[in-house]
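Reader: I am new to this structure and would like to understand how its descriptive terms are justified. Please show me the structure, and then let us take the terms in turn.

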Amino acid sequence: MRSIGLLALPIVLALCAAPGNAADEKFPDDELIREFVKAMPPDATTNAHRVDANGFHLESSQNKELDGSLKPTGNEFQTVIVTAPKTFKIGIEKGRSSSTGGGLAIFNRESGAPILSVGDANGDGQLDGLTYSKVDAAGKVLVSVTDYEADGQADLRVNFAEHYAEIWHIDRWYRVEHRDGRRGILVDGKFIEVKLEKNRFFVP
């Protein structure tokens, strides 16, 4: 994990998996992640420390927060990743502007794919976002589901196996489509553009 942020990766994957994305046509999912990491600034992560203690391996670092163009925003945050043999990998972050109260992620022990992540966006001690993923035996993500408010109603569902994304709107799921360079959903025959703000997709 570099400075993308523990809770940002599922959104990145969602962007990559959505139909009509040129990158998705060029790379498989695992290569997309590698290309994304390679595109980040070389100094995005600094002050890294590694410690082995009582059967656990800990890695901590200082990270630069990046915008949608992978340019530093001027903000920095800290992460620690804890691993142990035959267990999940667990990551914790604090200080990122989009998760003032901190965030936590659990990664598949084989592939390192994020399978559960939660965050407190405003520091009030309550969860403001939840993302979980179904993985196959090799740890590859098949489906990812995001509940932006952690209120029990999922908002974004990404099917990586079949390469499409869906958004919950009003009372049901709508598949995201691409038309004239725009991302949106078809509601009663009308194409409505889907917006992205603060790492959240929404229908205006």
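Author: The secondary structure of the protein chain consists of three helices and 16 strands. The model is a predicted one.

Reader: How many residues does the protein chain have, and what share of them counts as buried?

Author: The protein chain has 204 residues, and 41% of them count as buried. The protein chain exposes about 11,300 Å², of which carbon and sulfur atoms supply 52%.

Reader: Why is the contact between E166 and R157 called a salt bridge?

Author: The term requires a side-chain nitrogen of Lys or Arg within 4 Å of a carboxyl oxygen of Asp or Glu. In the pair E166 and R157, the N to O distance is 2.9 Å; the pair therefore satisfies the rule. By this rule the count comes to seven salt bridges.

Reader: What makes E166 buried, and is R157 buried or partly exposed?

Author: Buried means under 20% relative accessible area, and partly exposed covers the range from there up to the exposed class, which lies over 50%. E166 has 13% relative accessibility, so E166 counts as buried. R157 has a relative accessible area of 27%, so R157 is partly exposed.

Reader: How do you know that E193 forms a salt bridge with R182, and which parts does the pair tie together?

Author: The closest N and O atoms of E193 and R182 are 3.6 Å apart, and the limit is 4 Å; the pair therefore qualifies. E193 lies in strand β14 (residues 190–193) and R182 in strand β13, so the pair ties together parts that are 11 residues apart in sequence. Salt bridges with shared partners join R182, E193 and K195 into one network.

Reader: Which residues of the largest nonpolar core touch the most other members?

Author: The core has 15 residues, and L156, I167, I185, V194 and F201 touch the most other members. The strands β9 (156–159), β10 (164–169) and β13 (182–187) each supply at least two residues of this core. Leaving aside neighbours within four places in sequence, V194 is in contact with residues including I167, I185 and F201.

Reader: Which residues form a nonpolar patch on the surface, and what makes L58 eligible for a patch?

Author: V51, F56 and L58 form the patch, with about 250 Å² of accessible area together. A patch residue needs over 30% relative accessible area. L58 has 31%, so L58 passes this cut-off while counting as partly exposed. The place of L58 is in strand β2 (residues 56–66).

Note on methods:
Residues are numbered from 1 along each chain as its sequence is written. This is a predicted model: local features need pLDDT of at least 70, side-chain atom pairs count only at pLDDT 80 or more; totals for chains, interfaces and linings use all residues. Side-chain values use heavy atoms; hydrogens and water are left out. Patches are made of residues with over 30% relative accessible area and no salt bridge: like charges are joined within 9 Å, nonpolar side chains (Val, Leu, Ile, Met, Phe, Trp, Tyr) within 5 Å. Accessible areas come from the Shrake-Rupley method with a 1.4 Å probe; for residues, only the protein chains shown count as cover. Helices (H or I, at least four residues) and strands (E, at least two) are DSSP runs, numbered from the N terminus. Buried means under 20% relative accessible area, exposed over 50%, partly exposed in between (1.4 Å probe, protein chains only). A nonpolar core is a set of buried Ala, Val, Leu, Ile, Met, Phe, Trp, Tyr and Cys residues joined through side-chain atoms within 4.5 Å. Contact means heavy atoms within 4.5 Å.
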